[in-house]
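Subject: Structure for you to look over

Hello,

Here is the structure I promised to pass on. Please open it alongside the notes that follow.

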Amino acid sequence: MYENQEGNDLEAVEYAEDLLHFAMGIEQYPGSIWSHLVALATYGLAADAIEIAAPSLRIGDAARARKEADCIAAPEQVRFLIETLLDNKPLVAGAQLALYGERAGHLDIIQSLCDGKPTRIAPGITVNPISRGLAKVAWRMDAATGLELVTAASEAVLARNYPRAKRTLLPSPNVSGHFDLLLKPCTSILTGGYGRIIQIGFQYTAERRMAAIALAIRWYEIDNGKRPDALADLVPRYLDSVPLDPFAEDDTELGYRPDTDPPILYSVSLDGIDDDGAFELDYRRSRVDWDAMDLPFFLNGDRPIPEHD
């Protein structure tokens, strides 16, 4: 972050706060999967900003520092940022609002089809009045299936962790070809990505929790001259409790490897297996692979960026 690199730690923390509040503002718009995805990405930008700033962040008497033209972050400001990162209620509420919007979308599509408003709903297929009359039964059955899928997804976002959420989701029906697009407009077009969207939500939850821990670790380091030996050392002065790993089945805390090169926090990620912080690089996307092995957060801000082969 530019502010942090220029020595303005106060502005760096405020920048992360602004990103979080911007994401929460997006979540309050009328339900849309797309607006929810934008909000999730913005939460991720806030976590990324903290990963860069936290290793050198200065925390102290901000009022005195302002008089000396040395803008360091105030303890109360950092504590507020930690609490905001750990508050998952806006993300969950935004996901539910988006899914409720999807439910309404299912009903609108089926009602429009039954009323004969659209004349073409798939490439190469024209729905004439006779075909529409025969298809109404299939459309209404498809709407019922679509509503069940969305309802299950809206319940999944409330789950305590991803394994429980995954068990709550219903499998999407297998659909392919123009004929399925005609008879199953909801389940073929609207429902395929719910599982992935919920997965991404839990991944950003893990990132936010690790960003909060990174701030607490930096604060501890300033007060004690070294990083904590264990995350439990942060409680209760810097954290009320050690945040749980949202990908762990048994309420396991997020992992901490202060002595590795590089030092990291980590989540067990999708497979739920603790690989002791090991991660893989995605050379195609030039980033750490979120879907393989563990999901790391780099405490020195030195996230590797792989180059394309």
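Helices and strands here are DSSP runs: H or I over at least four residues for a helix, E over at least two for a strand, numbered from the N terminus. On that basis the chain has 11 helices and seven strands. Please keep in mind that this is a predicted model.

Some overall figures. The chain has 309 residues, and 47% of them are buried. Take the contacts between residues at least 6 apart in sequence: 64% of these join residues at least 24 apart.

The core

The largest nonpolar core holds 67 residues. Within this core, Leu215, Leu234 and Leu265 touch the most other members. Several elements supply at least two residues each, namely α2 (9-27), α3 (33-53), α5 (75-86), α6 (89-115), α7 (129-156), α8 (162-168), α11 (194-224) and β7 (295-298). The largest share, 17 residues, comes from α11. There is also a second, separate core of five residues, among them Cys114, Ala135, Trp139 and Ala143.

Leu265 deserves its own view. Leaving aside residues up to four places away in sequence, Leu265 touches Met210, Ile213, Ala214, Ile217 and Leu231. Its other contacts are Gly255, Tyr256, Leu295, Pro296, Phe297 and Leu299.

Helix packing

I went through three helix pairs.

α2 with α3: the axes are 8 Å apart, at an angle of about 170 degrees. Angles over 145 degrees count as roughly antiparallel, so α2 is roughly antiparallel to α3. From α2, the contact uses Tyr15, Ala16, Leu19, Leu20, Phe22, Ala23, Met24, Ile26 and Glu27. From α3 come Ser35, His36, Val38, Ala39, Thr42, Tyr43, Leu45, Ala46, Ala49 and Ile50. By class, this contact has 15 nonpolar, three polar and one charged residues.

α2 with α5: here the angle is about 30 degrees and the axes are 10 Å apart. The cut-off for roughly parallel is under 35 degrees, so α2 and α5 are roughly parallel to each other. Their crossing is left-handed. On the α2 side, the contact residues are Leu10, Val13, Glu14, Ala16, Glu17, Leu20, His21 and Met24. They meet Gln77, Phe80, Leu81, Thr84 and Leu85 in α5. The contact of α2 with α5 divides into eight nonpolar, three polar and two charged residues.

α5 with α11: these axes come within 8 Å and cross at roughly 155 degrees. That makes α5 roughly antiparallel to α11. The crossing is left-handed. α5 brings Pro75, Val78, Arg79, Leu81, Ile82, Thr84, Leu85 and Leu86. α11 brings Arg208, Arg209, Ala211, Ala212, Leu215, Ala216 and Trp219. The contact of α5 with α11 has 11 nonpolar, one polar and three charged residues.

Arg103

One last residue to check is Arg103, in helix α6. Is Arg103 buried, exposed or partly exposed? Its relative accessible area is 30%. Buried means under 20% and exposed over 50%, so Arg103 is partly exposed. Arg103 and Leu147 are 44 residues apart in sequence, yet their C-alpha atoms are 6.0 Å apart in space. Beyond residues up to four places away in sequence, Arg103 touches Leu147, Val150 and Thr151.

Best wishes

Conventions. Residues are numbered from 1 along each chain as its sequence is written. This is a predicted model: local features need pLDDT of at least 70, side-chain atom pairs count only at pLDDT 80 or more; totals for chains, interfaces and linings use all residues. Side-chain values use heavy atoms; hydrogens and water are left out. A nonpolar core is a set of buried Ala, Val, Leu, Ile, Met, Phe, Trp, Tyr and Cys residues joined through side-chain atoms within 4.5 Å. Buried means under 20% relative accessible area, exposed over 50%, partly exposed in between (1.4 Å probe, protein chains only). Contact means heavy atoms within 4.5 Å. Axes are lines fitted to C-alpha atoms, for helices over the stretch in contact, and angles run from 0 to 180 degrees between N-to-C directions. Angles under 35 degrees count as roughly parallel, over 145 as roughly antiparallel, 65 to 115 as roughly perpendicular and the rest as oblique. A crossing is left-handed if the near helix is turned anticlockwise from the far one by less than a right angle, and right-handed if clockwise. Ala, Val, Leu, Ile, Met, Phe, Trp, Tyr, Cys and Pro count as nonpolar, Asp, Glu, Lys and Arg as charged, and the others, Gly among them, as polar.
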